[in-house]
Structure formats: C-alpha cells, structure tokens
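The following exercises invite the reader to examine a protein structure step by step. Please attempt each task before reading its solution.

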Amino acid sequence: MNTKNDTPATYMIEPCSGIGIDVKAMQTVTVIDVEGGQVADFFAERAGCPGEFLSTAVTIDCNESLRIGEGGTLYTNLYRPMFRVLVDEVGTHDLLFPCCRRETYDFFFHNGEGHPNCFDNINRSLGGQRHIIQPVNLFMHTTIDVRGKSPSIRHARGQATKSSCKPSWTCAWASPRAACPRGNATRGGARR
C-alpha cells in the first residue's frame, strides 16, 4: 500500500494465518505470491459499515463475466465499485468458491475440528463474526466444463506473481494465506 510519502508498508502473511488492514481510498494494495503456488483469499468491507462488503456474485453480475483481471472492477453487495484492478500478472482468479472453513474440511477430509481455515482467519482479522464470506481467491484458476462441473482447480502460476488494486473508498481489507489447502501447507505472502 502506498502511504503519503510513497513508502509502501509491507506485510508478510504467515502460513495458515491472516491479516486485516485499513486501506484508504486511492491507496494501492498489492498482493504478491512470493514463491508461487499459493492462493490468497481477498475480502474487504466498507470501513465503519460491515453491512457493505466485497461480493463476488455482484462482481460477476456487474462485469458479466466469471473472470476478473487488469482494468476490472470488484463490487460490493450493494452494487457499488469497491476496487479497480490496476496490475494483474495472472489474468485469472476464482470468483466462485467460498473461503474454506471448518465445515469444508469436515465435508471433504473429515478433519475440520481445529483445522486452520480462511473463514476463521478473515473473521479474526476483521474482528467479528460474518456468517458468509465469499472472497476473491487470488491466484486460483478454476475451470468449468460444458456440463457446469469444476474439474480443475489449481494455482494460476507456479512462480511468484502479483495483483494490485485501488479502493474507491476507505475499507477494512483482510487476506489470509490459504489454511493448508487440501491438508498441505504452502508458502506465499502479501504486500500492501
């Protein structure tokens, strides 16, 4: 994130954790997957108004696309522009899947109890309890086949990459590092 003196504040997100940051209008947020192979859940809500938050469903609706990339806009649940994507070295990010949570790990792997997860990390980072969080899954490439099935979910690139965006107004932003996806911890980071 660029500050008044143009010195960017840098944060490293540890594996299976998250971070919450207040971002002012027109500051730049850059998320970097330092080593490649890591997905980052990107979620935000309007500062002082947690009832207005990043909505991937509305983003899909407003952009008339399942994809978001450079020049694209992320929208809130109230159909207002929230972030403008400035730089995107990946070109594909997932807008379909919710963040993982205890129930996700219970359903797929039968190991949800006590398992670190992005849902809890985002709630902890923003200091509250949201019941539904639908983040932009940065660096995650999801394909949909002709039957509507999602046969392939993978990291968009196997190398370090970044995406940058600029908010339309002040917001509270949260991004966890994936909570040991499918039971395996990977490395990555975020820079604000």
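The exercises below concern a predicted model, and each is followed by a worked solution.

**Exercise 1.** Determine how many helices and strands the protein has, and what share of its residues is buried.

*Solution.* The protein holds 3 helices and 13 strands. Of its 192 residues, 47% are buried.

**Exercise 2.** Classify the ring pair formed by Y105 and F109, and state where the two residues lie.

*Solution.* Step one: both residues belong to helix α2 (residues 102–109), where they are 4 residues apart, about one turn of the helix. Step two: the ring centres are 6.0 Å apart and the planes meet at 40°. Step three: planes under 30 degrees apart count as stacked and over 60 as edge-to-face, so the pair of Y105 and F109 is tilted.

**Exercise 3.** Classify the ring pair of F107 and F108, then decide whether each residue is buried, partly exposed or exposed.

*Solution.* Step one: the planes lie at 80° and the centres at 4.9 Å, an edge-to-face pair. Step two: exposed requires over 50% relative accessible area; F107, at 63%, is therefore exposed, whereas F108, at 48%, is partly exposed. Step three: ring pairs link F107 and F108 with Y105 and F109 into a cluster.

**Exercise 4.** Describe the two ends of helix α3 and the surroundings of F119.

*Solution.* Step one: N117 caps the N-terminal end of α3, with a side-chain oxygen 3.3 Å from the backbone nitrogen of F119. Step two: G127, with a positive phi near 65°, follows the helix. Step three: F119 is among the buried residues of α3, and R101 lies over the face of F119, 3.9 Å from the ring centre.

Definitions and conventions:
Residues are numbered from 1 along each chain as its sequence is written. This is a predicted model: local features need pLDDT of at least 70, side-chain atom pairs count only at pLDDT 80 or more; totals for chains, interfaces and linings use all residues. Side-chain values use heavy atoms; hydrogens and water are left out. Buried means under 20% relative accessible area, exposed over 50%, partly exposed in between (1.4 Å probe, protein chains only). A polar contact is a pair of N or O atoms within 3.5 Å; within protein, one must be able to donate a hydrogen and the other to accept it, and residues adjacent in sequence count only if both atoms are side-chain atoms. Rings of Phe, Tyr and Trp (its six-membered ring) pair if their centres lie within 6.5 Å; planes under 30 degrees apart count as stacked, over 60 as edge-to-face and the rest as tilted. A charge sits over a ring if NZ of Lys or CZ of Arg is within 6 Å of the ring centre and within 35 degrees of the ring normal.
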